[in-house]
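Reader: Could you walk me through this structure, taking the ligand site before the backbone details? I would like the cut-offs spelled out as we go.

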Amino acid sequence: MTGGHPTRGFVGRPRTHNPGLPPGQYDARDDWPVLSAEVTPELAPDDWTFRVDGLVAEPRTWTWDEARALPGSSYEGDIHCVTTWSKFGVRFGGVSLDVFLDAARPDPAATHVVAYSHTGYTTNLPLADVTGGKAWVAFTYEDAPLPAEHGGPARLLVPHLYFWKSAKWLAGLRLLDHDEPGFWEQNGYHARGNPWEEQRYAGD
Amino acid sequence: MSETFTPPTAFAVPGRIAVSNRAAATWQRAVLTEIRRETPRVSTFRFAVPGWQGHLPGQHLMLRLTAEDGYTAQRHYSLASPPDDSGHIELTLDHVEGGEVSGFLHTVARVGDAVEVRGPLSGFFAWPGDRPALLVGAGSGVVPLMSMLRHHRQRQLAVPLRLFVSARTREDLIYGDQYGDETTPVLTRESERRHLDTDHLAPCFTDGGPGWEAYVCGSNAFAEHASRLLVRLGQPVDRIRIERYG
Ligand SMILES: Cc1cc2nc3c(=O)[nH]c(=O)nc-3n(C[C@H](O)[C@H](O)[C@H](O)COP(=O)(O)OP(=O)(O)OC[C@H]3O[C@@H](n4cnc5c(N)ncnc54)[C@H](O)[C@@H]3O)c2cc1C
């Protein structure tokens, strides 16, 4: 971030050297703010499905039981929201997106994905940001079922990008050979959303 | 293989306006010109921003404070003022206990001081004044809704607008002396002593209502509560826009 002009009298909180904190972020500690712009859907696990389609050899849909039966893995680390809070040392359990993508077999022409929700929410990501152990379909938070307002029963988890990329109430992933702006991206937010480069808004 | 993309259950709420990427990316100097007390915990801060490109009611901005050593703190704030060409904008801030940014503005900042802002941001919660507006807010969540009400008055718009605003007491009701017949205050610790409920909102839905676009703003707990009431009354989910302050 290019530092701003000093504001008279502003001192700010004591500086804690925290190499895990991206520029312009603060530690929300125990808070986990909810910022979705939609009505929280009542989505039971039995009604939840997850689909991978678009540029893949084998478009596929998993039911809750099928997805839960896949080999699990977890993420322990930090998450960063574009509204400037970060949360440290959180634990999500789920299934790596690699597992789903390996089953669907992406076409070599695929470069991007649009993740979409059961609400119709969408967000776009480079395929490289959701492969190689960097992204999950998450079912649990701190070993308990993911609460509905945080995207339960299942959300996308892409912790190295701003959290609006981690679509709540995840319904599917569509592989494309081009980038296609999603919900917030059409509303002025950055196409990639890397917190370390402070890519909050288009043009950052 | 590239079949058209259709979400399984579509209620993606489309944005209301195109957003200027340049305005969102540029920090501008904002000079504090006036501080007005609204309630014991809430004040309105008026800033001169000569290059302000204009906004729609409901939009917000990012405000940044920088310390001498380069340390910065930035937070989102809704625009309280309606769109006008005064070269000024107004924000209304709750004084959050121990809050870094709201605490500074409430206790240290004085007229003449400069901060930085970028925006307006996000076209999603914007109301261009076109559709009937059903506005539901609590606490400082009334701020973007007040911008809509002010816009409605200033332009003498004929489109229906109703505002429900929840506060603890009359003393805590932000803009309390500025409401008219369009507004129903709901006090949770005084007079009525209860939370917003279906019977408050139900009269807006007699004969289905005028086809409201609903805007809900406040804490997450309030937003969850109010949006569920609206759904129960038959408001379509794709006509409910929610701004959660976290
Ligand atoms: C889109 C949007 C629009 C908004 N519009 C408005 C508006 O119009 N008006 C309004 O008043 N608010 C608004 N908000 C909320 C606003 O952005 C801030 O969250 C709010 O002002 C609090 O910020 P702060 O810096 O004062 O408090 P923070 O410093 O963020 O602290 C918040 C709380 O956490 C505690 N805390 C957090 N970190 C620490 C720490 N390291 N050490 C000690 N304590 C800590 C504080 O004590 C305090 O209780 C909006 C939010 C969003 C997302």
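Author: What follows goes through the ligand site, one arginine, the domains and some backbone features.

Reader: Before that, what conventions apply here?

Author: This is a predicted model, in which local features need pLDDT of at least 70 and side-chain atom pairs count only at pLDDT 80 or more, while totals for chains, interfaces and linings use all residues. Residues are numbered from 1 along each chain as its sequence is written, chains are lettered from A and ligands numbered from 1 in the order in which they are written, and side-chain values use heavy atoms, with hydrogens and water left out.

Reader: Fine. Where does the ligand lie with respect to the chains, and which residues come nearest?

Author: The ligand lies between chains A and B. Of the 25 residues around it, A:Arg13, B:His76, B:Tyr77, B:Val101 and B:Ser102 come nearest, where a residue is near a molecule or strand if one of its heavy atoms lies within 4 Å of it.

Reader: And what polar atoms face the ligand's oxygen and nitrogen atoms?

Author: A polar side-chain atom of B:Arg75 is 2.9 Å from an oxygen atom of the ligand, and a backbone N or O atom of B:Glu100 also lies 2.9 Å from a ligand oxygen atom. On the nitrogen side, a polar backbone atom of B:Thr92 is 2.9 Å from a nitrogen atom of the ligand. Taken alone the ligand exposes 960 Å², and the protein buries 80% of that, with accessible areas from the Shrake-Rupley method and a 1.4 Å probe (for residues, only the protein chains shown count as cover).

Reader: Which elements give two or more residues to that shell?

Author: They are β1 (26-27) of chain A together with β4 (72-78), β5 (88-94), α2 (100-107) and β11 of chain B; helices (H or I, at least four residues) and strands (E, at least two) are DSSP runs, numbered from the N terminus. The largest share, four residues, comes from β4(B).

Reader: How many nonpolar, polar and charged residues are in the shell?

Author: The shell has eight nonpolar, eight polar and nine charged residues, counting Ala, Val, Leu, Ile, Met, Phe, Trp, Tyr, Cys and Pro as nonpolar, Asp, Glu, Lys and Arg as charged, and the others, Gly among them, as polar.

Reader: Why does the ligand lie between the domains of chain B?

Author: Domain 1 (21-121) and domain 2 (133-245) of chain B both give residues to the shell around the ligand, so the ligand lies between them; the bounds come from an automatic or database domain assignment. The centres of these two domains, taken over C-alpha atoms, are separated by 24 Å, and their contact takes 20 residues from domain 1 and 19 residues from domain 2, contact meaning heavy atoms within 4.5 Å.

Reader: Switching to B:Arg244, is that residue buried or exposed?

Author: B:Arg244, which sits in strand β11 (residues 240-244) of chain B, counts as buried because its relative accessibility is 3%. Buried means under 20% relative accessible area, exposed over 50%, and partly exposed in between (1.4 Å probe, protein chains only).

Reader: What does its side chain reach, then?

Author: The side chain of B:Arg244 reaches the backbone oxygen of A:Ser36 at 2.5 Å, and a polar contact of 2.7 Å joins it to the side chain of B:Glu224. A polar contact is a pair of N or O atoms within 3.5 Å; within protein, one must be able to donate a hydrogen and the other to accept it, and residues adjacent in sequence count only if both atoms are side-chain atoms. Leaving aside neighbours within four places in sequence, the residues in contact with B:Arg244 include A:Val34, A:Leu35, B:Gly218 and B:Asn220.

Reader: Which peptide bonds are cis?

Author: One cis peptide bond joins A:Gly152 and A:Pro153, with omega about 15°, and A:Pro153 is found in the loop between β9 (144-145) and β10 (155-157) of chain A. Another joins B:Gly119 and B:Pro120, with omega about 5°, and B:Pro120 belongs to strand β6 (residues 114-121) of chain B.

Reader: What about positive phi at A:Asp143 and A:Glu198?

Author: A:Asp143 has a positive phi of about 65° although it is not a glycine, and at 56% relative accessibility A:Asp143 counts as exposed. A:Glu198, also not a glycine, has a positive phi of about 50°, yet A:Glu198 is buried, with a relative accessible area of 8%.
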